Amino acid sequence: MADRRSENPHAIFIPYPLQGHLIPSVQLAIKLASKGFTITFINTQSIHHAITKSSQEDVFAEARRSGLDIRYATVSDGLPLGFDRSLNHDQYMECLFHVFSAHVDEVVGNLVKSDPSISCLIADSFYVWPSMISNKYKLVNISFWTEPALILSLYHHLDLLKNNGHYDPLDKFEDVIDYIPGITSIKPRDLMSYLQAADTNTVVHRIIHKALFEATKKADFVVCNTIQELESHTIATFNHTQPFYAIGPIFPDDFTQELVPTSLWSETDCTTWLNGRPPKSVLYVSFGSYAHTTKHELAEIAHGLVRSGVSFVWVLRPDIVSSSDSDHDALPFGFEDQVKDQGLIVPWCNQKTILSHRSIGGFLTHCGWNSILESIWCGVPLICYPLLTDQFTNRKLVVDDWKIGMNLCDESLQVGREEVSKKVKDLMIGEKSNEVTRNGIKKVQKTLQDALGTNGSSQANFKRFINEVKNRVYKVKPVKLTQQESSRSSYGLNH
């Protein structure tokens with residue numbers, strides 16, 4: 001068997017099966033492979049099917065043609081391909097919580113048996129099983145956190161939140177939370193939606209407790225898609241407990257370059273339409289790949305856009321309307337004809353291409369972390385309309401801390417067409433736009449650019465991470481499975 005000291009690490013990489021997690025995971029895999037790592041990337045079969053519409057095509061073929069050693073495999077998440085995971089969220093999460101680990105165990109066991117060079121497991125932090133599987137197969141356990149460090153810190157301190165009446169249940173709505181290490185202060189309304197929930201007995205809460213409150217603390221390394229300078233105080237507290245590396249934003253060298261397809265829907269090319277608009281005149285509107293909203297709220301936004309008179313590109317994916325609405329037609333009758341000269345409505349697009357276009361002057365967003373980082377990179381200020389989970393906490397960073405955007409709804413939290421119109425005009429053509437752009441977005445944009453520069457913090461942290469992983473790998477002896485262990489691997493973690 002070859003001495004691992006003469007090799008670069010070989011890591012199995014398993015992203016969380018949601019597009020917002022998949023995108024930075026693919027880019028991190030490419031980034032590691034470009035530094036000599038061998039990566040075996042494992043998508044769920046449902047994600048693979050959505051991307052390729054074929055169970056055979058290797059989505060990393062183009063990356064390998066560029067010289068990267070990235071291998072590809074798929075694994076069942078335990079549900080049929082035709083099952084609607086978006087509209088049956090809780091059933092899907094139950095399956096990821098209880099069943100998925102058995103399928104992962106089987107795949108990882110077979111890979112390790114066939115290739116003893118495998119030394120690392122990189123898994124999304126939302127998974128509950130990485131410490132069990134990495135221990136079983138003697139792999140270095142690397143947790144990939146795709147959101148801000150602030151949010152992971154809040155999840156890590158659920159016990160403090162509970163003891164102080166700010167979680168399970170949230171009784172104190174007016175108190176400022178100022179007792180979490182590394183977090184100066186945060187209001188209860190800015191906590192993630194799951195921490196504000198009245199019912200904390202759901203499957204998502206069980207995942208949060210098992211994965212984020214317990215499992216991530218056992219990882220050998222945590223890699224985070226954030227920037228040292230933007231969250232230095234919070235990051236410093238992690239480094240007291242385990243190796244933590246802020247290496248974001250995790251983008252390709254060419255921002256719009258896509259070596260690997262990650263879109264779950266067909267993309268509409270909006271370039272021709274955008275080319276006919278003046279610089280900074282178009283508002284981009286998108287609520288991401290997963291969150292739902294109601295038909296009433298979409299109607300208010302639609303009417304508000306019309307009243308603003310601002311040109312817009314609006315991405316409305318087919319399942320955007322929440323399942324509680326019996327009528328799934330997202331927009332008011334005749335709306336698309338009404339705005340045909342003002343706006344372009346598409347089911348999906350390449351967001352990086354849109355944001356980097358010269359005509360885009362603002363982004364009405366759900367505050368997904370990828371969207372925020374991409375918007376900052378392109379110098380595009382934001383209007384924030386968070387819908388669920390981390391998006392409420394991300395909104396705090398954007399509006400309150402970094403001052404690079406504004407709230408769509410201020411006090412009432414109810415979407416109204418008059419307020420939508422006012423906020424859009426304020427951002428795109430009002431004095432508020434100049435204030436946000438001059439004092440906020442350009443400064444934070446430069447912070448991101450500097451972090452990825454030759455001597456930037458993210459580059460330095462990434463190099464340090466690679467060196468420390470290599471040092472750890474060389475101390476870990478390969479595991480050789482017996483026939484009996486291999487045969488048990490398909491069900492061992494689920495009992």
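**Entry 1: Asp 115**

I take buried to mean under 20% relative accessible area. The model I am reading is predicted. I looked up Asp 115 and recorded a relative accessible area of 18%, so the residue is buried. I located Asp 115 in the loop between helix 5 (100-114) and strand 4 (118-124). Leaving aside neighbours within four places in sequence, I found Asp 115 in contact with His 10 and Arg 71. With His 10 I also noted a polar contact between the side chains, at 3.4 Å.

**Entry 2: Tyr 290**

I next turned to Tyr 290, which sits in the loop between strand 8 (282-286) and helix 13 (295-308). Which residues does Tyr 290 contact, leaving aside its neighbours within four places in sequence? I listed Leu 18, Arg 85, Ser 86, His 89, Tyr 92, Met 93 and Arg 317. I then checked Gly 20: its C-alpha atom is 8.1 Å from that of Tyr 290, although 270 residues separate the two along the chain.

**Entry 3: the six-stranded sheet**

I traced an open sheet of six strands in the order 10-9-8-11-12-13, with parallel pairing. At the edges I found strand 10 (343-346) and strand 13 (405-407); each has a single partner strand, so one side of each lacks a neighbour in the sheet. From one strand to the next I recorded an average twist of 15°.

Within this sheet I examined the pairing of strand 8 with strand 9 (residues 311-315), which is parallel and runs over five bridges. Here I noted that Tyr 284 stands opposite Val 313 of strand 9.

**Entry 4: helix 17**

I found helix 17 (residues 391-401) packed on the sheet, where it touches strand 12 (382-384) and strand 13. Its direction makes about 120° with that of strand 13. How many of the eleven residues of helix 17 are buried? I recorded eight, and the helix is mostly covered. I listed the buried residues as Gln 391, Thr 393, Asn 394, Arg 395, Lys 396, Leu 397, Val 398 and Val 399. I then asked what these residues pack against, and found helix 7 (149-156), helix 16, strand 12 and strand 13. After helix 17 comes Lys 403, for which I noted a positive phi, near 55°.

**Entry 5: aromatic pairs**

I recorded 26 aromatic pairs in the structure. I looked up Phe 13 and Phe 144, whose rings are 6.2 Å apart centre to centre with 85° between the planes, an edge-to-face pair. Phe 13 belongs to strand 1 (residues 10-14) and Phe 144 to strand 5 (residues 140-145), so I noted a link between distant parts of the chain, 131 residues apart. Both Phe 13 and Phe 144 are buried.

I then took Phe 251 and Trp 377. Their ring centres lie 5.5 Å apart and their planes stand at 75°; this pair is therefore edge-to-face. I placed Phe 251 in the loop between strand 7 (244-246) and helix 12 (271-275), and Trp 377 in helix 16 (residues 369-377), so the pair ties together parts 126 residues apart in sequence. Are these two residues buried or partly exposed? I found Phe 251 buried at 13% relative accessibility, whereas Trp 377 counts as partly exposed at 22%.

I also noted a cluster linked by ring pairs, made up of Tyr 16, Phe 100, Phe 126, Tyr 127, Trp 129, Trp 145 and Tyr 155.

**Entry 6: cysteines**

I searched the whole structure for disulfides and found zero. For Cys 349, the nearest cysteine sulfur is that of Cys 270, at 5.0 Å. The cut-off for a disulfide is 2.5 Å between the sulfur atoms, so I could not count this pair as one. Cys 349 has 5% relative accessibility and counts as buried. I then looked up Cys 378, which is likewise in no disulfide; the nearest cysteine sulfur, that of Cys 349, lies 12 Å away. At 16% relative accessibility, I entered Cys 378 as buried.

**Entry 7: Lys 443**

I closed with Lys 443, which I placed in helix 19 (residues 431-451). Its relative accessible area is 62%, so I entered Lys 443 as exposed. I also checked its separation from Ile 376: the two lie 67 residues apart in sequence, and their C-alpha atoms are 9.5 Å apart in space.

How values were computed:
Residues are numbered from 1 along each chain as its sequence is written. This is a predicted model: local features need pLDDT of at least 70, side-chain atom pairs count only at pLDDT 80 or more; totals for chains, interfaces and linings use all residues. Side-chain values use heavy atoms; hydrogens and water are left out. Buried means under 20% relative accessible area, exposed over 50%, partly exposed in between (1.4 Å probe, protein chains only). Helices (H or I, at least four residues) and strands (E, at least two) are DSSP runs, numbered from the N terminus. A polar contact is a pair of N or O atoms within 3.5 Å; within protein, one must be able to donate a hydrogen and the other to accept it, and residues adjacent in sequence count only if both atoms are side-chain atoms. Contact means heavy atoms within 4.5 Å. Two strands pair if DSSP finds at least two bridges between them. Axes are lines fitted to C-alpha atoms, for helices over the stretch in contact, and angles run from 0 to 180 degrees between N-to-C directions. Rings of Phe, Tyr and Trp (its six-membered ring) pair if their centres lie within 6.5 Å; planes under 30 degrees apart count as stacked, over 60 as edge-to-face and the rest as tilted.
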